[in-house]
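Let's take a relaxed walk through this model, starting with one small detail and working outwards. Keep the structure open beside you as you read.

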Amino acid sequence: MEALTPVIAVLLALAIGAIMLLALQVNPATAYAALADGAFGSTFAVAQTLVKATPLLLVGLGICIAFRGGVINIGGEGQIIVGALATTAFTLGFPDAPLLVLLPGGLICGMLVGGLWGGIAGVLKARFGVNEILTTIMMNAIAVQLSNFLLRGPMIDPKEIVSGTLLAQSARLPETSWLPRLIPQTLLHAGAIFAVVMAVLVYVLLWRTVLGYRIRAVGLNADAARYAGIRVPVYQALALLLSGALAGLAGAVEVLGVSHRMMEGVSGGYGFSGIVAALFGKLHPLGAIPASVLFGSLLVGADKMQRAVQVPSALIDALNGLVVLFVVGSDILVRRRAQRRREQEPHA
Amino acid sequence: MPSASNDGAFSQSMFDALKAVQASMGGEAGMKLAVSEGMVQVPNAAAAIRDYAQQGYDLVIAHGTQYGNSLQEIAKDFPNIAFAWGTATDTFADKGIKNVFAYNPRAQEGGYALGVLAAKLSKSGIIGVCGPVEAGDAKTYVDGFKKGVTDTKKDAKVNVVYTGSFSDVSLMAAAAETHSKAGADVLTGSSQAVVGAIGVAKDKKAIWLGTQALQTALAPDTVGASQVYDFSGVVKEMLALSAKGTKGGTAFELSLKTGGLKIVYNDKLSIPADAKAAVDAAMKGIIDGTIKPLP
């Protein structure tokens, strides 16, 4: 029954959404049919869903590592931004480099800088016991301001200055750095396959390596892990670093696969939605794959719903917010019930 | 559209125009209109643009400068669909694309006229400007406004703040607070975030001068006048050209001369006759070319 909790949570959110649609005199069946059509109704729709699912999965994988390690990473947004900035800086810095250098180099840069950004919160927690929720949130704000500064200053597209439009975006990345498109006339790129491979690798890391075992042990019971000789702060910091690296990779994939340049709003809320996708997937890397596709479909389908039945964008935001609220709420409920059960069990 | 269709600014100006064109064509029976609002993320907007084109809409408008690169890619795949974007002047004709229109409001013209009005209405001689990002029509509006003020009242002080965001309402409110504390009794600003600044103007009993859309309804006792972008003429022209087979290639300019820009007063506030006369004279000068609204 517990496995079905997130599904029930989504259905409840959609039920409340139906009430809001009725209040707007829109037939919920028509609206949700448009949502499904927008997410899966055509090759283009499926491709769009997978494009959205890709960063959600990468961020979600990082969340799996962090949460399994007993630390909470709310800094996905900032880690995506700095990852995207680093990838952009690298590829624009070496525009004549061959594909075999530019593409992996761009991805690695995104990962490294994202990891560094997450690692700062990790070190602060490990060294000084600073609450990682606060630091990761604050690091988001710093990343946004850093991006604002760079995209309106040193990294702005020179064409924007010449034309006078001054849009906050970088120059276009060289085509040799782009992730290959999987389906023509869609945005679906090879990053989707890459993300699935990463999910398998994260599964192997967490369940088939000593490092993963220690991260999970720290998350399950920090005191017991410490008693067993595991250096808890080190593994908590490492979990945040790896989590940040995966979010940074999501940023790299977004610029190399979708926008082909760094621009404002590149994080697109994936840093937060990825948490929900991970929770929906029960914090299991392989569970995060279908969860990300589901949330990707909700995001893409909701836009189509707006186009089809002409509801205000505020309703789309509210609907997505309801899904987040219910999924996170159901997770808290399940955890509390599990906690109560443990407390009620007779001690040996 | 990047923001809500009732944002009281850039998106609303296009939405109002589209509704007016729809009404003039006989309502929903005469013209099917679909809108995607709140398209903050460019890839989302790109998906919407492609979807509308695939559905066979006669005209697909990408209402935001940030959508230009995506439009350039998508338009090539749908040569029989007319696309439009703005604020912009580039139809991509030099890149071999023939099915894109562009539109650009000369915001500096109404900015200059409202600057003249501000100089006439201000008792303190201090005027505050709440700008979003120093770019596009926001910049030209602010530059024109400043020139209008200083051409009218040499010793007037125009304080300008750019918040760096098109959407941050609280930053706009903070900018207006700063202006008010500095003694400004007339305020203006651009972008969908100005609702925050208008709220401050209302609280401080200052006069607000709006741009992009008619902002009177946001604060009927505070908004003195608005520069309104009236895209209806441009939309009608694009539809007519498209029906004749011309799917793009023209860059439209909205100006006081063409009627694409209008100064609309709030009848509830009594604007002195000499102030209105000065605005009329400024508008006449801009139209006949004797006044250059930009420095």
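Start with a pair of residues: B:Asn104 sits opposite B:Glu253, which belongs to strand β9(B). Keep in mind as you look around that this is a predicted model.

**The sheet in chain B**

Which strand does β9(B) link up with through four bridges? That's strand β3 of chain B, covering residues 100-105, and the two run parallel. Zoom out a little and you'll find that they belong to an open sheet of four strands in chain B, with the order β1-β2-β3-β9 and parallel pairing. As a bit of background, strands in a sheet pair through backbone hydrogen bonds, in either a parallel or an antiparallel way.

Where does the sheet end? Its edge strands are β1 (59-63) and β9 (251-254) of chain B, and each of them pairs on one side only. The strands aren't perfectly lined up, either: ignoring direction, neighbours in this sheet are turned by 20° against each other on average.

**Two domains in chain B**

Chain B splits into two domains, and each one is built from two stretches of the chain. Here's how they look side by side:

| Domain of chain B | Residue ranges | Residues in the contact between the domains |
|---|---|---|
| domain 1 | residues 10-106 + 230-254 | eleven residues |
| domain 2 | residues 107-228 + 261-288 | twelve residues |

The centres of domain 1 and domain 2 of chain B, taken over C-alpha atoms, are 29 Å apart. On the domain 1 side of their contact, helix α1 of chain B (residues 10-24) makes the largest contribution, with five residues. What kinds of residues does domain 1 of chain B bring to domain 2 of chain B? There are three nonpolar, five polar and three charged ones.

**Where the chains meet**

Now bring in chain A. How many residues of each chain are in contact with the other? The count is 19 residues of chain A and 22 residues of chain B. On the chain A side, α11 (232-259), α13 (288-309) and α14 (313-344) each supply at least two residues. Of the contributors there, α13(A) gives the most, with three residues. Sorted by class, the side of chain A that touches chain B has seven nonpolar, ten polar and two charged residues.

**How confident is the predictor?**

For chain B, the average pLDDT is 94, and 100% of the residues score at least 70. For the complex, the predictor gives an ipTM of 0.80 and a pTM of 0.86.

Notes
Residues are numbered from 1 along each chain as its sequence is written. Chains are lettered from A and ligands numbered from 1 in the order in which they are written. This is a predicted model: local features need pLDDT of at least 70, side-chain atom pairs count only at pLDDT 80 or more; totals for chains, interfaces and linings use all residues. Two residues are in contact if their C-beta atoms, placed from the backbone, lie within 7 Å. Ala, Val, Leu, Ile, Met, Phe, Trp, Tyr, Cys and Pro count as nonpolar, Asp, Glu, Lys and Arg as charged, and the others, Gly among them, as polar. Domain bounds come from an automatic or database domain assignment. Two strands pair if DSSP finds at least two bridges between them. Axes are lines fitted to C-alpha atoms, for helices over the stretch in contact, and angles run from 0 to 180 degrees between N-to-C directions. pLDDT is the predictor's confidence in each residue, from 0 to 100.
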